Amino acid sequence: MMMDVSYNLARISLSLGILLIITNSVASKPSGKRMNLKALTIKYQQMVCPNGFIRYETSCYKFSTMKATWVEANTYCSAMRASLVSIETPHENKFLIGHIKRQWPTLGLSFWTGGNDLASEGQWTWVANLKPIRFGHWYVSQPDNGGKGSEHCLELEKQYIYHWNDQPCHLLNHFICEIDNLYY
Ligand SMILES: [Ca+2]
Ligand SMILES: [Ca+2]
């Protein structure tokens, strides 16, 4: 009886071993079809943004049509599997401002971004990844932590031609959500 059990276990081990060898050889030498499928999947993900979002480079953006506090805006973006926008390059900044100017040439709306120094005064980070803000497009003399030191959220300010400004987070602004890298 023990012999039988050992024999069967040995057979199972052998079968598993062969299966592993086959699996490894397939994985290490991907066929053309496998590679094409992966490339197609990535291409598809890069082409598609959810409804209401627009594409720029590797991100999708949604410009809100309503106003909210910074915290409400952040919650709204999260509900769409997005974050308040992180503006990490001059190109990205230029695209966002260009879009606002084209879409709302006369209305002049200010927009919340994900920038904030809520955790530590003067230490500006993006809410999406908590990374420090490196690139900056602040208006002259901003950030000034005005309003008796109550400005901890970063907006694109209409009065400053969409340069960056720190503003009290409880004020109502339009806002921009971003899905970065398109792997949502
Ligand atoms: Ca970004
Ligand atoms: Ca300010």
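How many helices and strands does the secondary structure of the protein come to? I looked this up first and found five helices and eight strands. I took both as DSSP runs numbered from the N terminus, with helices (H or I) of at least four residues and strands (E) of at least two.

A note on conventions before I go on. I am working with a predicted model, where local features need pLDDT of at least 70, side-chain atom pairs count only at pLDDT 80 or more, and totals for chains, interfaces and linings use all residues. Residues are numbered from 1 along each chain as its sequence is written, while chains are lettered from A and ligands numbered from 1 in the order in which they are written.

Next, the order of elements. Along the sequence I read α-α-β-β-α-β-α-β-β-α-β-β-β.

Then burial and contacts. I found that 26% of the 184 residues count as buried, meaning 20 or more other C-beta atoms within 10 Å of a residue's own (12 or fewer is exposed, in between is partly exposed; C-beta atoms are placed from the backbone). Of the contacts with a separation of 6 or more, 66% come from residues 24 or more positions apart; a contact puts two C-beta atoms, placed from the backbone, within 7 Å.

On to the backbone. I checked omega between glutamine 142 and proline 143 and got about -5 degrees, a cis peptide bond. Proline 143 sits in the loop between strand E5 (125–126) and helix H5 (146–149).

Leucine 130 is in the loop between E5 and H5, and its phi is positive, near 60 degrees. I counted 9 other C-beta atoms within 10 Å of leucine 130, so it is exposed.

Last, arginine 81, in the loop between helix H3 (70–79) and strand E3 (83–84). Its phi is near 55 degrees, positive in a residue other than glycine. Arginine 81 is exposed, with 10 other C-beta atoms within 10 Å.
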